[in-house]
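Please open the structure in your viewer and keep the selection tool at hand. The stops below are meant to be taken one after another, with a pause at each to look around.

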Amino acid sequence: MRKEQGFTLIELMIVVAIIGILASVALPAYQNYATRASVTEAMSLAAGAKSASAEIFSSEGAFPADNAGAGIEAAGNITGTNVQSVTVLRTGGGVVAAPGTDSELGTITIAFNANNATLSGESVILTAVSNGGSIRWVCTSGLPNAAVPASCRP
């Protein structure tokens, strides 16, 4: 009498097919997760520029002209795994145009490098808008909605 051992070829093929299906679902989910993590890293790198710019505006009444005016490192020195630069730029004069109206003060541009195919060549722009002495940050980007924080979604 012959004793059977192991798996048949059809059983092994079924297992391989199941693993393939699971991988086809898991890989895109992981890529979305990696992209969101990269954008989160970018937002945390921009946090220093946001607070420095707001502080300069609060104390001097004008948005800083550039990174040096904000008292932070040069744009190319603020980098991360997927972040190429963080640039502060005064726009619209950098001051409140008329009391009680929204005034665009300046922008902080986060440029991404080529380490992530989804982010390569893209940027997130944080626009400082003043109304009544406080600053509200408006976020715009060309990235897919799934990749950006809720505050950056249209």
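Select Ser38 and show what surrounds it in this predicted model: leaving aside its neighbours within four places in sequence, Ser38 is in contact with Asn82, Phe112, Asn116 and Leu119. The residue belongs to helix 1, and it counts as buried because its relative accessible area is 6%, which is under the 20% limit for that word. Before leaving, look along the helix for the backbone oxygen of Ala34, which the side chain of Ser38 reaches at 3.0 Å.

Next, select Asn113, which you will find in the loop between strand 2 and strand 3. Is Asn113 buried or exposed? With a relative accessibility of 18%, Asn113 counts as buried. Its side chain reaches the backbone nitrogen of Asn115 at 3.1 Å, and, once neighbours within four places in sequence are set aside, Asn113 is in contact with Gly80, Thr81, Asn82, Val83, Gln84, Leu119, Ser120 and Gly121.

Now turn to the largest nonpolar core, which has 24 residues, and colour Ile110, Phe112, Val124, Leu126 and Leu143, the members that touch the most other members. At least two residues of this core come from each of helix 1, strand 1 (83–90), strand 2 (103–112) and strand 3 (123–131), and helix 1 gives the most, with 6 residues. Stay with Leu126 for a moment and display its contacts, which, apart from neighbours within four places in sequence, are Met43, Ala46, Lys50, Gly106, Thr107, Ile108, Ile110, Trp137, Val138 and Cys139.

For a stop on the surface, select Leu9, Ile10, Met13, Ile14, Ile18 and Leu22 together, since these residues make a nonpolar surface patch of about 650 Å². If you then pick out Ile18 by itself, you will be in helix 1, which covers residues 9–60. Ile18 counts as partly exposed because its relative accessibility is 47%, a value that falls between the 20% and 50% limits.

Finish at Ser151, in the segment that follows strand 4 (134–141). Here the relative accessibility is 55%, so Ser151 counts as exposed. As a last step, draw a distance from Ser151 to Ala65, C-alpha to C-alpha: the two are 25 Å apart in space and 86 residues apart in sequence.

Notes:
Residues are numbered from 1 along each chain as its sequence is written. This is a predicted model: local features need pLDDT of at least 70, side-chain atom pairs count only at pLDDT 80 or more; totals for chains, interfaces and linings use all residues. Side-chain values use heavy atoms; hydrogens and water are left out. Patches are made of residues with over 30% relative accessible area and no salt bridge: like charges are joined within 9 Å, nonpolar side chains (Val, Leu, Ile, Met, Phe, Trp, Tyr) within 5 Å. Accessible areas come from the Shrake-Rupley method with a 1.4 Å probe; for residues, only the protein chains shown count as cover. A salt bridge is a side-chain nitrogen of Lys or Arg within 4 Å of a carboxyl oxygen of Asp or Glu. Helices (H or I, at least four residues) and strands (E, at least two) are DSSP runs, numbered from the N terminus. Buried means under 20% relative accessible area, exposed over 50%, partly exposed in between (1.4 Å probe, protein chains only). A nonpolar core is a set of buried Ala, Val, Leu, Ile, Met, Phe, Trp, Tyr and Cys residues joined through side-chain atoms within 4.5 Å. Contact means heavy atoms within 4.5 Å. A polar contact is a pair of N or O atoms within 3.5 Å; within protein, one must be able to donate a hydrogen and the other to accept it, and residues adjacent in sequence count only if both atoms are side-chain atoms.
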